[in-house]
Each structure stands twice: as structure tokens, then as C-alpha cells.
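Dear colleague,

I am passing on the structure that we spoke about, and below it you will find an account of what came out of the analysis. Please read the account with the model open beside you.

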Amino acid sequence: MVSDAAWPPWDSAAGREALARGNVQVLRFRCDVASREPIEQLTAEERARRERFRNADDRIRYTLGRFWLRRLVSDLTGQPEGDLRFDRGPSGKPFLRDTPLQFNLAHSGDIGLLAVHRSAAVGVDVERHRVFEWEQVARHVFTEAEISVFASVAASERPAMFFRCWTRKEAYLKGLGEGFQRDPRKVDLCGMPSRTMLVDGWSVVDLEVGTGCSAAVAFEVPSDLILWALAE
Ligand SMILES: CC(C)(COP(=O)(O)OP(=O)(O)OC[C@H]1O[C@@H](n2cnc3c(N)ncnc32)[C@H](O)[C@@H]1OP(=O)(O)O)[C@@H](O)C(=O)NCCC(=O)NCCS
């Protein structure tokens with residue numbers, strides 16, 4: 001269950017209790033590209049990965065994502081940040097070695113989201129709405145039924161609908177961790193008007209992150225969803 005009054009300030013003691021209870025949690029942090037970039041905390045592998053982003057803002061978002069990932073996982077587990085060892089699955093999904101804790105990260109604009117569960121897979125996505133040639137993209141990721149839903153709404157409503165659907169789908173695919181080997185055109189999540197959907201045993205939940213932005217989280221266990229925001 002999610003309440004609209006969600007996103008209270010992060011409380012690490014309550015977060016640890018929720019983790020122990022088996023709740024899915026989403027922690028929201030600020031990805032301010034004007035802030036200092038804590039590059040010194042990156043491992044050599046992360047620095048190499050950071051270099052691959054052509055856009056300077058994307059590099060900063062990447063560094064801030066890793067920074068908050070370490071800080072929050074350490075808060076939740078009590079493990080020192082320097083002891084956390086990350087690896088990547090066959091399709092690139094990052095995971096933590098030597099612990100069952102599952103997480104997934106997403107960032108867009110100045111919003112970063114981290115989803116965590118003590119042992120079950122999670123996926124999260126956030127997207128700032130932007131205007132682009134949606135028909136081109138839609139053919140690659142949406143079902144015929146979804147495309148006709150987009151085509152039927154007024155142009156002014158389309159970005160919100162498009163990105164609501166996109167983030168649901170991407171959160172689910174990121175949760176599965178198969179990357180986009182799973183054909184996104186075979187998963188229909190757009191026709192569902194409710195904020196919480198069930199797909200093949202997964203829950204996919206829309207998150208309210210503010211005007212001009214869509215976000216969703218997906219998790220493979222029945223669970224309450226707890227949301228937190230880090231102080232700005
Ligand atoms: C992994 C992928 C999904 C990231 O998407 P993105 O929108 O660029 O970025 P997001 O902010 O959502 O997520 C980035 C984070 O996802 C995580 N991630 C990377 N590969 C992943 C994978 N295979 N599965 C799950 N999570 C992954 C990483 O933690 C990454 O953050 P980091 O690089 O800072 O560590 C991207 O590589 C991709 O394949 N995008 C395809 C987009 C697409 O066609 N979407 C269809 C929409 S339905």
C-alpha cells in the first residue's frame with residue numbers, strides 16, 4: 001500500500017526495521033549536477049564507466065548515484081561503505097556481492113531513486129517528461145494496444161501518458177535484470193489505470209515524484225512499499 005503523503009525524511013533506524021520486516025523501500029535523493037562530484041569515492045572500474053558518458057551532467061549523475069548507493073546501503077546494513085563490493089549480472093544489472101540485499105538505481109534530471117529489498121529483486125525507473133518523436137520510439141517498445149492508446153489522447157496529455165507507461169515497463173524490465181533481452185513489446189502495462197499492477201507475480205507501482213516527471217517501482221514479492229526522501 002502506498003500513501004500520497006509519502007516521501008517522509010529518511011530515517012535510517014526505521015529503514016533498517018523496514019528492511020528486516022521485508023518491506024520494499026524506495027529512497028529518493030537529489031542528483032544536483034551543480035553540486036560537487038565526489039569522484040574520489042569511485043573504484044577504478046566505476047571511474048572507467050563514468051568516462052564512457054559523453055554528457056558531463058550524466059557523468060555527475062552517475063557519480064552521485066554511486067555515492068548515495070554506498071551511503072544508503074551502508075546505513076541499512078551497517079556495513080562500512082568501503083567494504084561494499086558491487087558486481088554486474090550477465091545483462092549488466094548491478095548487485096552486491098556477499099549479501100542477499102537487492103537494489104536498483106535510476107536517475108533523471110535532478111531526481112535519483114534507489115529501490116531496496118532484503119532479498120527479492122526490485123527495479124525502479126524515473127523519467128523527466130520531454131517532447132520527442134514518440135512514434136519512432138513507441139514502435140520499438142510498446143504493444144499495438146499501447147500505441148493506439150497514445151494515439152487516441154490529446155498531444156498535450158501524451159508526454160505524461162507516454163512516460164507513465166515507459167517507467168512502469170522499464171522498472172519491471174530492470175527488476176527482471178534481463179535488460180532489454182526481454183522484448184518490451186510483449187509486456188502490456190499501459191492499459192492499466194490503477195497505480196498498482198500485478199504482472200507475472202510482480203507488483204508494479206507508479207510513484208509520485210512531481211510535475212513533469214514519472215516514476216515506477218517493480219518488486220517480485222508481496223510487500224508494503226515504504227518511501228523516503230533524503231534531506232536536500
Ligand atoms: C539499464 C538501462 C535500462 C538504464 O536505463 P536508463 O534510463 O538509461 O537509466 P536509469 O537511470 O533508469 O538506470 C540506470 C541504472 O540502472 C542500473 N542498471 C544498469 N543495467 C541494468 C540492467 N541490465 N538491469 C537493471 N538495472 C540496470 C544501474 O545501476 C544504472 O545506474 P548506474 O549506471 O548509475 O549504476 C539501459 O541500459 C537500457 O537498456 N535502456 C533501454 C531503454 C529502453 O529501451 N527502455 C524501454 C522502455 S520500456
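**The two sheets and what packs on them**

Strand 6 and strand 9 pair in the antiparallel sense over 7 bridges, where strands are DSSP runs of E of at least two residues and helices are DSSP runs of H or I of at least four residues, both numbered from the N terminus, and where two strands count as paired if DSSP finds at least two bridges between them. Please keep in mind that this is a predicted model, in which local features need a pLDDT of at least 70 and side-chain atom pairs count only at pLDDT 80 or more, while totals for chains, interfaces and linings use all residues. Residues are numbered from 1 along each chain, as its sequence is written.

Within the pair just described, D125 stands opposite A216 in strand 9. The two strands belong to an open sheet of 4 strands, in the order 6-9-8-7, with antiparallel pairing. Its edge strands, each pairing on one side only, are strand 6 (122–128) and strand 7 (196–199), and neighbouring strands of the sheet are turned by 20 degrees against each other on average, direction ignored. For this and the other angles, axes are lines fitted to C-alpha atoms, for helices over the stretch in contact, and angles run from 0 to 180 degrees between N-to-C directions.

Helix 6 (residues 158–176) packs on this sheet and touches strand 6, strand 7, strand 8 and strand 9 (213–219), with a direction at about 155 degrees to that of strand 6; residues are in contact here if their C-beta atoms, placed from the backbone, lie within 7 Å. Strand 8 (residues 202–207) is joined to strand 7 by 4 bridges, the two running antiparallel, and T196 has V205 of strand 8 as its bridge partner. On the other side, 5 bridges join strand 8 to strand 9, again antiparallel, with V204 partnered by A218 of strand 9. Strand 8 and strand 9 form a hairpin with 5 residues between them, and G210 in the turn has a positive phi of about 115 degrees.

The other open sheet of 4 strands has the order 4-5-1-10 and mixed pairing, with strand 4 (102–108) and strand 10 (225–229) as edge strands that each pair on one side only. Its twist averages 15 degrees from one strand to the next. Strand 1 is joined to strand 5 (residues 111–117) by 6 bridges in the antiparallel sense, R30 having I111 as its partner in strand 5, whereas 5 bridges join strand 1 to strand 10 in the parallel sense, R28 having A229 as its partner in strand 10.

**Burial and the core**

A residue is called buried if 20 or more other C-beta atoms lie within 10 Å of its own, exposed if 12 or fewer do, and partly exposed in between, the C-beta atoms being placed from the backbone. In strand 1, 6 of the 7 residues are buried, so this strand is largely enclosed by the rest of the structure; strand 9 is mostly covered, likewise with 6 of its 7 residues buried. By contrast, A34, in the loop between strand 1 (24–30) and helix 2 (44–51), counts as exposed because it has 7 C-beta neighbours inside 10 Å.

The largest nonpolar core has 50 residues, and those with the most contacts inside it are V26, L114, A115, V122 and V217; such a core is a set of buried Ala, Val, Leu, Ile, Met, Phe, Trp, Tyr and Cys residues joined through C-beta atoms within 7 Å. Helix 3 contributes the largest share of this core, 8 residues. Leaving aside neighbours within four places in sequence, V217 has contacts that include V24, V26, A115, V122 and A171.

**The chain as a whole**

The chain's secondary structure comes to 6 helices and 10 strands, and buried residues make up 33% of its 232 residues. Among contacts between residues at least 6 apart in sequence, 63% join residues at least 24 apart. The C-alpha atoms fill a box of roughly 50 × 40 × 35 Å, taken along the principal axes.

With kind regards

How values were computed: Two residues are in contact if their C-beta atoms, placed from the backbone, lie within 7 Å.
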